[in-house]
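This report describes a single protein chain, with attention to its fold, its main pocket and its charged side-chain pairs.

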Amino acid sequence: MDDSKDIFVWSDSYSVGDATLDTQHQHLLSICRQLDDIFNRPSESRRVLLEVLLTELMDLSLEHFQTEQRILASIDYPDWDSEAREHEEFIRDLTAMLNQVRSETPLAAVTRISLSGAMIDHLLHSDSRYKPYLTYSLA
């Protein structure tokens, strides 16, 4: 098995302590794993699958970010502005990837790296910053 796929397997270290957000994070990782698998296919068969999965990832990301915003607002998370900027950047990058796939321009390897890096960085670093606030509010 390719070691790069391991980063898309749920780990308890990714948990933010909220069941709804953790479930959404697991689903986002699952889509990223499927996308990673598609990049290993011949190029002629991957474009349609990429569009379907990137669209699903976009829809789920938008839903997830709305849920996250609602939860973080309810606990008065002090670094919301930074979190919101990262969400906007992720959606902007995802939109660019989706447009690249739809325009039939050559798919760059950077697309694969950018997607995996953005998702894992967000889970491990950005979302982990609000974990103590969620844990405190649930206590």
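Relative accessible area sorts residues into three classes: buried means under 20%, exposed means over 50%, and partly exposed lies in between, with a 1.4 Å probe and protein chains only. The model is predicted, so that local features need pLDDT of at least 70 and side-chain atom pairs count only at pLDDT 80 or more, whereas totals for chains, interfaces and linings use all residues. Residues are numbered from 1 along each chain as its sequence is written, and side-chain values use heavy atoms, with hydrogens and water left out.

**Fold and surface**

The chain contains five helices and zero strands, where helices (H or I, at least four residues) and strands (E, at least two) are DSSP runs numbered from the N terminus. Along the sequence, the pattern is α-α-α-α-α. Of the 139 residues in the chain, 40% are buried. A contact is defined by heavy atoms within 4.5 Å. Among contacts between residues at least 6 apart in sequence, 74% join residues at least 24 apart. The exposed area of the chain is about 7700 Å², and carbon and sulfur atoms supply 53% of it; accessible areas come from the Shrake-Rupley method with a 1.4 Å probe, and for residues only the protein chains shown count as cover.

**The largest pocket**

A pocket is found on a 1 Å grid over the protein atoms alone, as an open set of points where a 1.4 Å probe fits, with protein on both sides within 12 Å along at least five of seven lines; its lining residues have an atom within 4 Å of a point. The largest pocket encloses about 210 Å³, a volume being the space filled by probe spheres set on the points, which are joined across faces, edges and corners. Its lining comprises 15 residues, and Glu-86, Phe-90, Ala-118, Asp-121 and His-122 lie nearest the centre. Two or more lining residues come from each of α2 (19-38), α3 (43-74), α4 (80-102) and α5 (109-138). The largest share, six residues, belongs to α5. By class, the lining holds five nonpolar, six polar and four charged residues; Ala, Val, Leu, Ile, Met, Phe, Trp, Tyr, Cys and Pro count as nonpolar, Asp, Glu, Lys and Arg as charged, and the others, Gly among them, as polar.

**Salt bridges**

A salt bridge places a side-chain nitrogen of Lys or Arg within 4 Å of a carboxyl oxygen of Asp or Glu. The structure holds three salt bridges, tabulated here.

| Pair | N to O distance |
|---|---|
| Arg-102 and Glu-51 | 3.0 Å |
| Arg-129 and Asp-79 | 3.6 Å |
| Arg-129 and Glu-86 | 3.3 Å |

In the pair of Arg-102 and Glu-51, Arg-102 belongs to helix α4 and Glu-51 to helix α3, distant parts of the chain 51 residues apart. Arg-102 is partly exposed at 44% relative accessibility, and Glu-51 is partly exposed at 30%.

Arg-129 pairs with Asp-79, linking helix α5 to the loop between α3 and α4 across 50 residues. Arg-129 has a relative accessible area of 33% and is partly exposed; Asp-79, at 30% relative accessibility, is partly exposed.

Arg-129 also forms a salt bridge with Glu-86. Because Arg-129 lies in helix α5 and Glu-86 in helix α4, this pair ties together parts 43 residues apart in sequence. Glu-86 is partly exposed, with a relative accessible area of 22%. Through shared partners, salt bridges join Asp-79, Glu-86 and Arg-129 into one network.
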